[in-house]
Amino acid sequence: MNYITIIGYMAAFGTTVSFLPQAVKTIQTKDTSGISLLMYSFFTLGTALWLTYGILSHDLPVAIANFITMLFASVILVYKIRYK
């Protein structure tokens, strides 16, 4: 594993982990009042596209990070729509 891949994994870990506390809190409380539906729709679409890019380019750090983030973002987006 070269240093570029290591940097990719570190970046993926940092951005994914930084997203998790807010995602977990939102999932636990189901409170989405402070979340913009339009923003979260675009965010979820963006993570899906990054996931697709990571898979197609065989970039494992990008694919893994965006898969995890997309799962949580999708749940929050569903909560935003359901508990409006």
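What follows is a short conversation about reading the helices, core and surface of a predicted model.

Visitor: Let's start with the fold. How many helices and strands does the protein chain have?

Guide: Three helices and zero strands, so no surprise in the pattern by DSSP runs: α-α-α along the sequence. The C-alpha trace spans about 45 × 25 × 15 Å along its principal axes.

Visitor: What do the contacts say about how the chain is put together?

Guide: Take contacts between residues at least 6 apart in sequence: 72% of them join residues at least 24 apart.

Visitor: Let's pick one helix. What is the reach of α3?

Guide: Helix α3 covers residues 60–82. With 23 residues, α3 reaches 33 Å from its first C-alpha to its last, close to the 33 Å expected at 1.5 Å a residue.

Visitor: Which residues of α3 are buried, and what covers them?

Guide: The general idea comes first. An α-helix has 3.6 residues a turn, so residues three or four places apart point the same way. In α3, the buried residues include A65, T69, A73, I76, L77 and K80. Their cover includes α1 (3–29) and α2 (37–56).

Visitor: T69 is on that list. Why does T69 count as buried?

Guide: Because its relative accessible area is 8%, and buried means under 20%. T69 touches T16, F19, F43 and T47, leaving aside residues up to four places away in sequence.

Visitor: Where do I look for a nonpolar core?

Guide: In soluble globular proteins, nonpolar side chains tend to be buried together. Here the largest nonpolar core has seven residues: F19, A23, I35, Y40, A73, I76 and L77. Both α1 and α3 supply at least two residues each to this core, and α3 gives the most, with three. Click on L77 and you'll find that L77 touches L37, Y40, S41 and T44, again not counting residues up to four places away in sequence.

Visitor: Now the outside. Which residues form a nonpolar patch on the surface?

Guide: That patch is L60, I64, F67, I68 and L71, with about 420 Å² of accessible area together. For the whole protein chain, about 5,800 Å² is exposed, and carbon and sulfur atoms supply 73% of it.

Visitor: Take L71 from that patch. Is L71 buried, exposed or partly exposed, and why?

Guide: L71 is partly exposed, because its relative accessible area is 44%, which lies between the 20% limit for buried and the 50% limit for exposed. L71 sits in α3, as does the buried T69.

Visitor: And what share of the whole chain is buried?

Guide: Of its 84 residues, 29% count as buried.

Terms used
Residues numbered from 1 in each chain as written. Predicted model: local features only at pLDDT ≥ 70, side-chain atom pairs only at ≥ 80, totals over all residues. Heavy atoms only, no water. Patch = residues over 30% accessible without salt bridge, like charges linked within 9 Å, V, L, I, M, F, W, Y side chains within 5 Å. Areas by Shrake-Rupley, 256 points an atom, 1.4 Å probe, with all protein chains shown as cover. Salt bridge = Lys/Arg side-chain N within 4 Å of Asp/Glu carboxyl O. Helix = DSSP H or I, 4+ residues; strand = E, 2+ residues; numbered from the N terminus. Buried < 20%, exposed > 50% of the residue type's maximum accessible area, 1.4 Å probe, protein only. Expected span 1.5 Å × (residues − 1). Contact = heavy atoms within 4.5 Å. Core = buried A, V, L, I, M, F, W, Y, C linked by side-chain atoms within 4.5 Å.
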